[in-house]
Every structure is written in structure tokens, then in C-alpha cells.
Amino acid sequence: MSKNGKFITFEGPEGAGKSTQLRLLAEELRSRGFEVVTTREPGGTPLAELLRNILKTHQGTETLHPETELLLMEAARSQHAREVILPALERGAVVLCDRFYDSTTAYQGAARNIDTSLIAELNIFAAAFRKPDLTLILDLDIESGFRRAGKRQETAGEYDRFEAENRSFHSRVREGFHAIAAKEPQRVRIIDAEGTPEEVAARIRSAADELF
Ligand code: TMP
């Protein structure tokens, strides 16, 4: 019998501090005795990580078309959902995922302009029909996101296809996330990502507490 754990996803622009916040919530929930699985998209399994590498770093004369990008994201998700997320939820674990299908709606839908009803169908199919129980969108204005992500790229020093996009792309992503929150207020919370990591973590804890 399925024990049905909790599935929480973290969304938002580059530079919003998702990974730090995910780690802090994982520590908090583990200290309360939960089994916590942390993972990310695109990626989370060896095969899906290979697709992540193509999606993030592809360069050269052959264009990676938006439609191909969408299908690779969904292929990675299908693998990840079936290999990692569903088995963990069935064990009763809490799964914290750094990005999930709302990123597809915001990036490939709102920013790359692919039909969002097609994306909605592919999303739920790839996710094996399991929706997140709670989605936290870490919200940051475009300029702060650019500053923080730019610093990260300088340190890491590698080309990233998404971070290389311009401000107008990233402002469409942000609008896309806001539209999702407006459409699904039960599942989705906008979290102000300005402030210290501790301040943001407190906002996240109080949103997550509604689930436990
Ligand atoms: P990140 O994990 O470092 O944020 O990198 C993942 C990138 O992939 C990020 O720029 C957003 C993008 N992305 C999409 O465009 N669509 C998706 O469905 C997902 C999961 C991520």
C-alpha cells in the first residue's frame, strides 16, 4: 500500500537562492524525523543528468530548437519521476525538488512561447500524473536575479544557455511564474526571496508548515 509522502517543489529565477533554501528546509525536516529526499530538474537520475548537460550547455552550429528543448525537459522528467520521485513518495518520504514542471510552463511556455495547453498535458504525463503538494516560487526582481546569477557564473566559469538569455526572456519567465501562482493559489506560494537566507528560510518554513 502506498504511504504517500509529501512532494514539495522549489521554483523561481536563476539566482533566487533555491538550492540553499532547499538544503535548509531539508535539514529542518530531517531534524523533525522525516525521511527527506532532495533532488533536481532537469536531472536527478544518471540518464536525466545527461539530458541536463545537453540542455544547459549545448553550443555550436546546430540549433537546439525550443520544441526539442521542451521534449528533452519532459523526457528527463519522465525518467526522474518514475525512477526517483514516485518510489520515494510511496515509501512515505518528503521529496524536495529543485525545479519541476512549473519551470517548463514558465521557460518553455511563457518565455519561449510554446502553447501552454500542450505543455500542461506533457507536464502531467511526464510527471506520471503526480502533482506537487506544495510549490514555493522564490520571487526576485530581474536585476537582483541577474546580479546574483552573474556572480555565480563568474565563479563557476561555464556557459549556461538559460543564464545567457536577455532580460526580456527572464522577465517573461517571472511573469510566467506569477501567472501559475494566480491560477493555482492552493498549491503554489510566492515567497519573497529578498533578505538574508535565514529570513527567506523562515518564510518557507511557515508555508511548508501548512502541509505537516
Ligand atoms: P538550474 O537548476 O541551475 O536552475 O538550471 C536549470 C535550468 O533549466 C534553468 O535555467 C531553468 C531551466 N529549465 C527549463 O527551462 N525548463 C524546465 O522544465 C526546467 C526543469 C528547467
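**Figure 1. Glu165 and its salt bridge to Arg112 in the predicted model.** Glu165 has a relative accessible area of 24%, so the residue counts as partly exposed. Its partner Arg112 is buried, at 17% relative accessibility. In the salt bridge between Glu165 and Arg112, the closest N and O atoms are 2.8 Å apart. Glu165 belongs to the loop between α6 (142-156) and α7 (167-183), and Arg112 to the loop between α4 (101-111) and α5 (116-126); the pair therefore ties together parts that are 53 residues apart in sequence. Through shared partners, salt bridges join Glu165 and Arg112 with Glu69 and Arg161 into one network.

**Figure 2. Salt bridge between Glu210 and Arg189.** The closest N and O atoms of this pair are 2.8 Å apart. Glu210 lies in the segment after α8 (197-209), whereas Arg189 is in strand β5 (residues 188-192); the two residues are 21 apart, and the pair links distant parts of the chain. Glu210 is exposed, with a relative accessibility of 55%, while Arg189 is partly exposed at 22%.

**Figure 3. Salt bridge between Glu27 and Arg23 in helix α1.** The side chains meet with an N to O distance of 3.5 Å. Both residues belong to helix α1 (residues 18-31), and because they are four residues apart, about one helical turn separates them. Glu27 is partly exposed, with a relative accessible area of 44%. For Arg23 the relative accessible area is 44%, and this residue is partly exposed. A search of the whole structure gives 18 salt bridges.

**Figure 4. Polar contacts of the ligand with Arg52, Arg77 and Gln108.** The side chain of Arg52 has an N or O atom 3.3 Å from an oxygen atom of the ligand. A polar side-chain atom of Arg77 is 3.2 Å from a ligand oxygen atom. On the side chain of Gln108, an N or O atom lies 2.8 Å from a nitrogen atom of the ligand. On its own the ligand has 470 Å² of accessible area, of which the protein covers 95%.

**Figure 5. Residues in the shell around the ligand.** The ligand is surrounded by 14 residues, the closest being Glu14, Lys56, Arg99, Thr104 and Gln108. By class, seven residues of this shell are charged, four are nonpolar and three are polar. Helix α4 gives the most, with four residues.

**Figure 6. Thr104 in helix α4.** Thr104 is one of the closest residues to the ligand. Its relative accessible area is 1%, which means that Thr104 is buried. The side chain of Thr104 also makes a polar contact, at 2.9 Å, with the side chain of Arg77. Arg77 in turn has a polar side-chain atom 3.2 Å from an oxygen atom of the ligand.

**Figure 7. Backbone geometry at Pro42, Arg99 and Asn113.** Most residues other than glycine have a negative phi, and most peptide bonds are trans. The peptide bond joining Glu41 and Pro42 is cis, with omega about -10°. Pro42 is located in the loop between β2 (36-40) and α2. Arg99 has a positive phi, near 75°, and sits in the loop between β3 (94-98) and α4. With a relative accessible area of 11%, Arg99 is buried. Asn113 likewise has a positive phi, near 70°, and is placed in the loop between α4 and α5. Unlike Arg99, which is buried, Asn113 is exposed, at 69% relative accessibility.

**Figure 8. The protein chain as a frame for the close-up views.** Eight helices and five strands make up the elements of the chain, in the order β-α-β-α-α-β-α-α-β-α-α-β-α from the N terminus. Along the principal axes, the C-alpha atoms fill a box of roughly 50 × 40 × 35 Å. The radius of gyration is 16 Å, which agrees with the value near 17 Å for a compact globule of 212 residues. Of the 212 residues in the protein chain, 45% are buried.

Terms used:
Residues are numbered from 1 along each chain as its sequence is written. This is a predicted model: local features need pLDDT of at least 70, side-chain atom pairs count only at pLDDT 80 or more; totals for chains, interfaces and linings use all residues. Side-chain values use heavy atoms; hydrogens and water are left out. A salt bridge is a side-chain nitrogen of Lys or Arg within 4 Å of a carboxyl oxygen of Asp or Glu. Buried means under 20% relative accessible area, exposed over 50%, partly exposed in between (1.4 Å probe, protein chains only). A residue is near a molecule or strand if one of its heavy atoms lies within 4 Å of it. A polar contact is a pair of N or O atoms within 3.5 Å; within protein, one must be able to donate a hydrogen and the other to accept it, and residues adjacent in sequence count only if both atoms are side-chain atoms. Accessible areas come from the Shrake-Rupley method with a 1.4 Å probe; for residues, only the protein chains shown count as cover. Ala, Val, Leu, Ile, Met, Phe, Trp, Tyr, Cys and Pro count as nonpolar, Asp, Glu, Lys and Arg as charged, and the others, Gly among them, as polar. The radius of gyration is taken over C-alpha atoms; the globule rule is 2.2 Å times the number of residues to the power 0.38.
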